[in-house]
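Take a look at the sequence and the 3D structure below. Then follow the report from the sheet outward to the charged pairs.

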Amino acid sequence: MSNSASNGSLEFVKRYIVGITGASGSIYGIRTLEALRKVPDATVHLVMSAQARRTLAIETKYSADDVESLAHHVHDPSDVAAPISSGSFLTEGMIVIPCSIKSAAAIAYSFNDNLLVRAADVCLKERRRLVLVVRETPLHLGHLRTLTRLAEIGATILPPIPGMYAMPKSVDDIVDHTVGKALDALGVPNEMFARWRGDGSG
């Protein structure tokens with residue numbers, strides 16, 4: 001593993017950025033990292049907010065080290081000079097999972113005071129995929145206006161809403177459905193959930 005390690009040279013790999021914020025739902029981020037590690041020729045860059053580490057400890061059995069070990073490169077959220085802060089660093093896009101409303105608002109208005117928000121802003125300005133798995137409910141009008149702005153400037157808003165047609169049998173099934181849908185939006189082929197075929201068979 002490497003912290004922000006890159007010489008900036010063109011690599012024949014697919015680079016994906018994963019951002020994990022302090023919103024509830026840390027397991028979504030963990031499963032995303034696990035899935036991306038299985039993608040051939042993929043390099044995963046991870047940036048976790050400070051609050052994400054606290055939420056992780058509250059909600060899961062995983063340590064921050066456990067989660068970071070799933071990425072190829074781990075970036076300090078305060079390092080706004082990291083490779084992923086520049087549009088010249090080519091990536092396939094970014095997924096913020098889970099995404100807090102605070103982070104969503106910062107991204108919507110380019111409030112680039114940390115690396116997670118800056119990396120997301122770069123994806124928007126470079127017209128790369130940005131998928132935000134926004135974890136909040138209920139949503140007031142201010143939240144909705146923020147999400148509308150994000151959609152207008154190019155982000156994909158993907159709340160963690162399970163597809164019950166697949167008849168999930170566990171929390172893992174529900175988590176995997178959202179992660180699979182998010183990976184679809186990022187352009188990553190996956191078979192993490194049963195896909196609808198029109199007859200209820202998945």
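In which sense do strand 1 and strand 4 pair, and over how many bridges? The model is a predicted one. In it, strand 1 (residues 14-20) and strand 4 (residues 93-99) run in the parallel sense, paired over four bridges. Y16 has G93 of strand 4 standing opposite.

**The sheet**

These strands belong to an open sheet of six strands. The order is 3-2-1-4-5-6, and the pairing is parallel. Strand 3 (73-75) and strand 6 (156-157) form the edges, each pairing on one side only. Helix 5 (residues 115-125) packs on this sheet. Helix 5 touches strand 1, strand 2 (42-48), strand 3, strand 4 and strand 5 (129-134). The directions of helix 5 and strand 4 make an angle of about 135°.

**The salt bridges**

Side chains of opposite charge can pair when their charged atoms come close. The structure has six salt bridges. The table lists some of them, including the distance between the closest N and O atoms.

| Acidic residue | Basic residue | Closest N and O atoms |
|---|---|---|
| E34 | R31 | 2.7 Å |
| D176 | R31 | 2.8 Å |
| E68 | R53 | 2.4 Å |

Start with E34 and R31. Both sit in helix 1 (residues 26-36), three residues apart, which is about one turn of the helix. E34 is partly exposed, because its relative accessibility is 22%.

R31 also forms a salt bridge with D176. D176 lies in helix 7 and R31 in helix 1, so this pair ties together parts 145 residues apart in sequence. Is D176 buried or exposed? D176 is buried, because its relative accessible area is 14% and the cut-off for buried is under 20%.

The E68 and R53 pair links two other helices. E68 lies in helix 3 (residues 64-68) and R53 in helix 2 (residues 50-59), so parts 15 residues apart in sequence are tied together. E68 is buried at 15% relative accessible area, while R53 is partly exposed at 35%. Shared partners join R31, E34 and D176 into one network.

**Inside and surface**

Helix 7 (residues 171-186) also holds H177. H177 is buried, because its relative accessible area is 8%. Leaving out residues up to four places away in sequence, H177 touches I161, P162, G163, Y165 and F193.

Now turn to the surface. L139, L141 and L144 form a nonpolar patch there, with about 250 Å² of accessible area together. One of these, L141, lies in helix 6 (residues 141-152).

Notes. Residues are numbered from 1 along each chain as its sequence is written. This is a predicted model: local features need pLDDT of at least 70, side-chain atom pairs count only at pLDDT 80 or more; totals for chains, interfaces and linings use all residues. Side-chain values use heavy atoms; hydrogens and water are left out. Patches are made of residues with over 30% relative accessible area and no salt bridge: like charges are joined within 9 Å, nonpolar side chains (Val, Leu, Ile, Met, Phe, Trp, Tyr) within 5 Å. Accessible areas come from the Shrake-Rupley method with a 1.4 Å probe; for residues, only the protein chains shown count as cover. A salt bridge is a side-chain nitrogen of Lys or Arg within 4 Å of a carboxyl oxygen of Asp or Glu. Two strands pair if DSSP finds at least two bridges between them. Contact means heavy atoms within 4.5 Å. Axes are lines fitted to C-alpha atoms, for helices over the stretch in contact, and angles run from 0 to 180 degrees between N-to-C directions. Buried means under 20% relative accessible area, exposed over 50%, partly exposed in between (1.4 Å probe, protein chains only).
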